[in-house]
Amino acid sequence: MNTQRVKIRRIVEQTPEIRSYELVPCDGSSVKFTPGDHIDVCVGDGIVRQYSLWNAPRDCDAYHIGVKRETNGRGGSVAMHALNEGDEIEVGLPRNNFELRSDEGPVILIAGGIGITPVLAMARHLQSVNRKCVLHLFARSAEHVPFKSELTALDEAPVYLGLVPPTLNAVLTGILSNPPADARLYFCGPGPFMDLIEQLAKNCGWKSDRVHLERFSVDAATLELDGDSFEVVLQKSGVTLTVEEDQTIIGAMEAAGLEPMTSCEQGVCGTCLTTVLEGEPDHRDFYLNPTEKESGTLILPCVSRCKGKKLVLDL
């Protein structure tokens with residue numbers, strides 16, 4: 001991973017759980033990114049986490065990220081919230097798994113809580129180029145609405161507070177109903193919220209190629225990591241490993257003393273994305289689209305397995 005050193009110029013308490021951070025390159029250089037980009041943030045002790053950029057690409061003096069403190073998470077957000085203004089950290093160069101398409105149709109943006117970060121960047125960019133968009137934010141309460149001043153500056157950004165089913169379903173259905181043929185939908189937020197939107201979008205007639213989403217994480221209880229044991233050949237390393245029934249490919253590599261590039265270990269971030277040279281992958285991830293999965297040429301080894309007895313990977 002190509003990294004650059006940045007200094008925390010400013011920290012803002014957005015809500016009781018969410019802080020925003022302005023990260024300025026220590027070498028004084030400008031930053032370049034596109035709407036939907038995220039950066040890998042090295043927060044210490046080998047912890048790397050992905051955080052979406054919420055500022056518009058025209059704001060080229062710093063990376064702006066938002067971090068929700070998850071007390072029952074894997075430690076990344078807690079480590080981020082322990083940092084102070086003036087601290088220096090390493091970050092990866094921006095990359096985009098949630099690309100904003102450049103056509104001219106209207107855009108509907110939906111965010112749940114901290115899921116606002118990538119869609120806020122999209123909204124600010126779309127408004128700057130006079131493209132029709134509406135950002136719908138769902139939050140638990142007024143106290144838990146982040147980026148209030150940025151939302152106020154948008155043309156249309158309705159906020160919905162404390163909604164639960166069936167009222168939540170009804171409101172979302174109203175937003176998603178009767179979509180124009182050239183419209184696009186982008187959404188991000190907690191897993192169950194996104195699952196609901198995805199299903200309602202189908203019910204409302206949205207075509208799958210007009211619907212775009214990004215997951216920050218998934219419920220660990222929903223991950224199915226076990227399966228039959230198989231052999232994995234790491235072509236570049238010249239190493240052959242056995243992946244046991246209760247072991248992931250990444251786990252087998254680490255047990256062998258290797259240090260694979262990985263981060264979320266839930267199949268959502270794409271950090272460990274690898275080319276398959278031989279064999280049929282058993283996809284368990286939430287990152288690859290259906291076409292990529294059907295091609296059989298890519299795999300997320302943090303969660304996915306093999307449908308046969310052998311995989312050869314470009315590692």
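Helices and strands here are DSSP runs, numbered from the N terminus. With that naming in hand, let us take a walk through this model, which is a predicted one.

**Around helix α4**

A good place to start is the loop between β10 and α4, where proline 166 sits. The peptide bond that joins proline 165 to proline 166 is cis, and its omega is near 5°. So if you are scrolling through the backbone, this is a spot to pause at.

Next comes helix α4 itself, covering residues 167-176, in which Leu168, Leu172, Ile175 and Leu176 are buried. These residues lie on the same side of α4, because they cover an arc of only 90° around the axis. An α-helix has 3.6 residues a turn, so residues three or four places apart point the same way. What does the face of α4 turned away from the buried side carry? There you will find the exposed residues Ala170 and Gly174.

The buried residues of α4 have several packing partners: the strands β8 (107-112), β9 (133-139), β10 (159-161) and β11 (184-188), together with helix α5 (191-203).

**Two asparagines with positive phi**

After α4 comes asparagine 178, with a positive phi near 50°. This asparagine belongs to the loop between α4 and β11. Asparagine 130 also has a positive phi although it is not a glycine, and its place is the loop between α2 (116-128) and β9. The table sets the two side by side.

| Residue | Phi | Loop | Relative accessibility |
|---|---|---|---|
| Asparagine 130 | about 60° | between α2 and β9 | 72%, exposed |
| Asparagine 178 | about 50° | between α4 and β11 | 73%, exposed |

**Arginine 19 and its neighbours**

Strand β2 (residues 18-25) is home to arginine 19. Which side chain does the side chain of arginine 19 meet in a polar contact? The partner is glutamate 13, at 2.6 Å. The arginine 19 side chain also reaches a backbone atom, the oxygen of histidine 81, at 2.6 Å. Leaving aside residues up to four places away in sequence, arginine 19 touches Ile11, Val12, Glu13, Gln14, Ile65, Gly66, Val67, His81 and Leu83.

**Strand β12 and a pocket**

The second largest pocket holds about 890 Å³ of space. Its lining counts 27 residues, and Val211, Leu213, Tyr287, Asn289 and Pro290 lie nearest the centre. Helix α5, strand β12 (211-214) and helix α7 (290-295) each supply at least two lining residues. The largest share, 4 residues, comes from β12.

Histidine 212 is also part of strand β12. Is histidine 212 buried or exposed? Its relative accessibility is 8%, so histidine 212 counts as buried. Not counting residues up to four places away in sequence, histidine 212 touches Phe98, Arg101, Arg184, Leu185, Tyr186 and Phe187.

**Cysteines without disulfides**

How many disulfides does the structure hold? The number is 0, and two cysteines help to show why, given that a disulfide needs sulfur atoms within 2.5 Å. For cysteine 204, the closest cysteine sulfur is that of cysteine 133, and at 20 Å it is too far for a bond. For cysteine 272, the closest cysteine sulfur belongs to cysteine 302; the 3.7 Å between them is also too far for a bond. Both cysteines are buried: cysteine 204 has a relative accessible area of 18%, and cysteine 272 has one of 6%.

Conventions. Residues numbered from 1 in each chain as written. Predicted model: local features only at pLDDT ≥ 70, side-chain atom pairs only at ≥ 80, totals over all residues. Heavy atoms only, no water. Buried < 20%, exposed > 50% of the residue type's maximum accessible area, 1.4 Å probe, protein only. Arc of directions from axis to C-beta. Contact = heavy atoms within 4.5 Å. Polar contact = N/O pair within 3.5 Å; in protein donor to acceptor, adjacent residues only side chain to side chain. 1 Å grid on protein atoms, 1.4 Å probe; cavity = no way out; pocket = protein on both sides within 12 Å on 5 of 7 lines; lining within 4 Å. Points joined across faces, edges and corners; volume = space filled by probe spheres on them.
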